[in-house]
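Open the model in your viewer and keep the sequence panel visible. The tour below goes from one selection to the next.

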Amino acid sequence: MATKQDMTGMLAVSKAGHDRTEIYVIVREEDEYVYLADGRNRTVDRPKKKNKKHVQVIKKARLEETAYGFEDLEIKRTIKMYQEGANVKS
């Protein structure tokens with residue numbers, strides 16, 4: 001099992017639910033749940049709560065949290081750069 005800070009800031013793909021295949025950034029972690037934001041529909045202020053077993057963590061990319069926390073613009077930029085680099089469609 002990963003420690004509390006291990007997954008925060010990492011990109012993750014939803015494996016289940018109506019948002020399947022969407023890419024998010026993990027903004028918070030609590031027990032068996034993670035809170036996901038994409039900077040557009042799911043902002044840092046309104047993250048999506050999802051069970052850890054329903055997300056696949058992308059270990060190649062990680063967003064560093066600033067002193068102010070995560071910012072929606074940086075989240076959008078990071079996801080877009082990952083999609084362009086990996087040639088993935090949203």
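Which side chain is joined to that of Lys 52 by a polar contact? Select Lys 52 and show its side chain: the partner is Glu 29, and the polar contact between the two side chains is 2.9 Å. Bear in mind that this is a predicted model, so the distances and angles on this tour are those of a prediction.

**Stop 1: around Lys 52**

Stay on Lys 52, which sits in the loop between strand S4 (48–51) and strand S5 (55–62). Is Lys 52 buried or exposed? With a relative accessible area of 18%, Lys 52 is buried, because the cut-off for buried is under 20%. Now select what surrounds Lys 52, leaving out its neighbours within four places in sequence: Met 7, Glu 29, Asp 31, Glu 32, Tyr 33 and Val 34 are in contact with Lys 52.

**Stop 2: Asp 31**

From that set, pick Asp 31, found in the loop between S2 and strand S3 (33–37). Asp 31 is exposed, its relative accessible area being 61%, whereas Lys 52, one of its contacts, is buried. Check the backbone here as well: Asp 31 is not a glycine, yet its phi is positive, at about 45°. For a distance to display, choose the C-alpha atoms of Asp 31 and Thr 8; 13 Å separates them, and along the chain the two are 23 residues apart.

**Stop 3: Thr 21**

Where is Thr 21? Select the loop between strand S1 (10–14) and strand S2 (23–30), and Thr 21 is there. Thr 21 also has a positive phi without being a glycine, in this case about 80°. Its relative accessible area of 55% makes Thr 21 exposed.

**Stop 4: the sheet**

Switch to a cartoon view and colour the strands. In what order do the five strands form the open sheet? The order is S4-S3-S2-S1-S5, with antiparallel pairing. S4 and S5 are the edge strands; each has a single partner strand, so one side of each is left without a neighbour in the sheet. From one strand to the next, the twist averages 45°.

For one pairing in detail, select S1 and S2, which run antiparallel to each other and pair over three bridges. Within this pairing, pick Ala 12 and look across to S2, where its bridge partner is Tyr 24. Then add helix H1 (residues 72–86), which packs on the sheet and touches S1, S2, S3 and S5. The direction of H1 makes about 130° with that of S2.

**Stop 5: salt bridges**

Side chains of opposite charge can pair when their charged atoms come close. How many salt bridges does the structure hold? There are four, and three of them are visited below, starting with Lys 50 and Asp 19.

Select Lys 50 and Asp 19, whose side chains meet in a salt bridge of 3.1 Å, N to O. Lys 50 belongs to strand S4 and Asp 19 to the loop between S1 and S2, so this pair ties together parts that are 31 residues apart in sequence. Both partners are buried: Lys 50 has a relative accessible area of 8%, and Asp 19 has one of 5%.

Next select Glu 30 and Arg 28. Their closest N and O atoms are 3.5 Å apart, and the two form a salt bridge. Glu 30 is partly exposed, at 35% relative accessibility, and Arg 28 is partly exposed too, at 37%.

Finally go to helix H1 and select Arg 77 and Glu 74, a salt bridge with its closest N and O atoms 2.4 Å apart. Why are Arg 77 and Glu 74 separated by about one helical turn? They are three residues apart in helix H1. Arg 77 counts as partly exposed at 40% relative accessibility, as does Glu 74 at 32%.

**Last stop: confidence**

Colour the model by pLDDT. The mean for the protein is 88, and 90% of the residues reach 70 or more. Which of the elements has the lowest mean pLDDT, and which the highest? S5 has the lowest, at 86, and S3 has the highest, at 97.

Definitions and conventions
Residues are numbered from 1 along each chain as its sequence is written. Side-chain values use heavy atoms; hydrogens and water are left out. Helices (H or I, at least four residues) and strands (E, at least two) are DSSP runs, numbered from the N terminus. Buried means under 20% relative accessible area, exposed over 50%, partly exposed in between (1.4 Å probe, protein chains only). A polar contact is a pair of N or O atoms within 3.5 Å; within protein, one must be able to donate a hydrogen and the other to accept it, and residues adjacent in sequence count only if both atoms are side-chain atoms. Contact means heavy atoms within 4.5 Å. Two strands pair if DSSP finds at least two bridges between them. Axes are lines fitted to C-alpha atoms, for helices over the stretch in contact, and angles run from 0 to 180 degrees between N-to-C directions. pLDDT is the predictor's confidence in each residue, from 0 to 100.
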